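Student: I should like to understand how the terms used for a protein model follow from its values. May I see the structure before I begin?

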Amino acid sequence: VSKALGLAIFATVPSDYDELQKALMDGQAVAPATPFGRALTALARQLTGDQKEVRKPSGAFGWLRGLF
């Protein structure tokens, strides 16, 4: 496609049918920890120019730090 259009590929998003189907059936967004969720996060960062990396909370209460 890139060669036919003469444009560079800006981003790719993996096929993750099972996770997308689960999210649709649950009425929820796709989990950010899935390959699809990570790819969408990366794409959003590219589009907005936000290059900071999201740190994963560590420890038993690491998620709590992310709230503040």
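Student: Among the contacts in the protein chain with a separation of 6 or more, what share comes from residues 24 or more positions apart?

Tutor: The share is 29%. Please keep in mind that this is a predicted model.

Student: How many helices and strands does the protein chain have?

Tutor: There are four helices and zero strands. Read from the N terminus, the order of elements is α-α-α-α.

Student: What makes Lys22 and Asp26 a salt bridge?

Tutor: The closest N and O atoms of Lys22 and Asp26 are 3.1 Å apart. The cut-off is within 4 Å, so the pair qualifies. Both residues belong to helix α2 (residues 17-26), where a spacing of four residues amounts to about one helical turn. In general, an α-helix has 3.6 residues a turn, so residues three or four places apart point the same way.

Student: Why are Lys22 and Asp26 called partly exposed?

Tutor: Lys22 has a relative accessibility of 49%, and Asp26 has a relative accessible area of 43%. Exposed requires over 50% and buried requires under 20%, so Lys22 and Asp26 are placed in between.

Student: Which residue forms a salt bridge with Asp50, and how is each of the two classed by accessibility?

Tutor: The partner of Asp50 is Arg45, with the closest N and O atoms 3.1 Å apart. Asp50, at 27%, is partly exposed. Arg45, at 17%, falls under the 20% limit and is therefore buried. By the same rule, the count of salt bridges comes to two.

Student: Why is Asp16 called buried?

Tutor: Its relative accessibility is 13%. Since buried means under 20%, Asp16 meets the condition. Asp16 is found in the loop between α1 (2-5) and α2.

Student: How do you know that Asp16 has no salt bridge?

Tutor: The nearest side chain of opposite charge, that of Arg38, is 7.6 Å away from Asp16. A salt bridge must lie within 4 Å, so this pair does not count.

Student: Which residues are in contact with Asp16, leaving aside its neighbours within four places in sequence?

Tutor: They are Thr34, Pro35 and Phe36. Asp16 and Thr34 are 18 residues apart in sequence, while their C-alpha atoms are 8.4 Å apart in space.

Student: How do you know that the length of helix α3 agrees with its number of residues?

Tutor: Helix α3 (residues 35-48) has 14 residues, which at 1.5 Å a residue should span 20 Å. The end C-alpha atoms are 20 Å apart, so the two values agree.

Student: Which residues of α3 are buried, and what covers them?

Tutor: The buried residues of α3 are Phe36, Gly37, Ala39 and Arg45, and their cover includes α2. Just after α3, Gly49 takes a positive phi of about 80°.

Student: Why is Val1 called exposed?

Tutor: Val1 has a relative accessible area of 82%. The limit for exposed is over 50%, so Val1 is exposed. Val1 lies in the segment before α1 and, with Leu5 and Leu7, makes a nonpolar surface patch of about 370 Å².

Student: What area does the protein chain expose, and what percentage of its residues count as buried?

Tutor: The protein chain exposes about 6,100 Å², of which carbon and sulfur atoms supply 62%. Of its 68 residues, 12% count as buried.

Conventions:
Residues numbered from 1 in each chain as written. Predicted model: local features only at pLDDT ≥ 70, side-chain atom pairs only at ≥ 80, totals over all residues. Heavy atoms only, no water. Helix = DSSP H or I, 4+ residues; strand = E, 2+ residues; numbered from the N terminus. Buried < 20%, exposed > 50% of the residue type's maximum accessible area, 1.4 Å probe, protein only. Contact = heavy atoms within 4.5 Å. Areas by Shrake-Rupley, 256 points an atom, 1.4 Å probe, with all protein chains shown as cover. Lys, Arg positive; Asp, Glu negative; His and termini not counted. Patch = residues over 30% accessible without salt bridge, like charges linked within 9 Å, V, L, I, M, F, W, Y side chains within 5 Å. Expected span 1.5 Å × (residues − 1).
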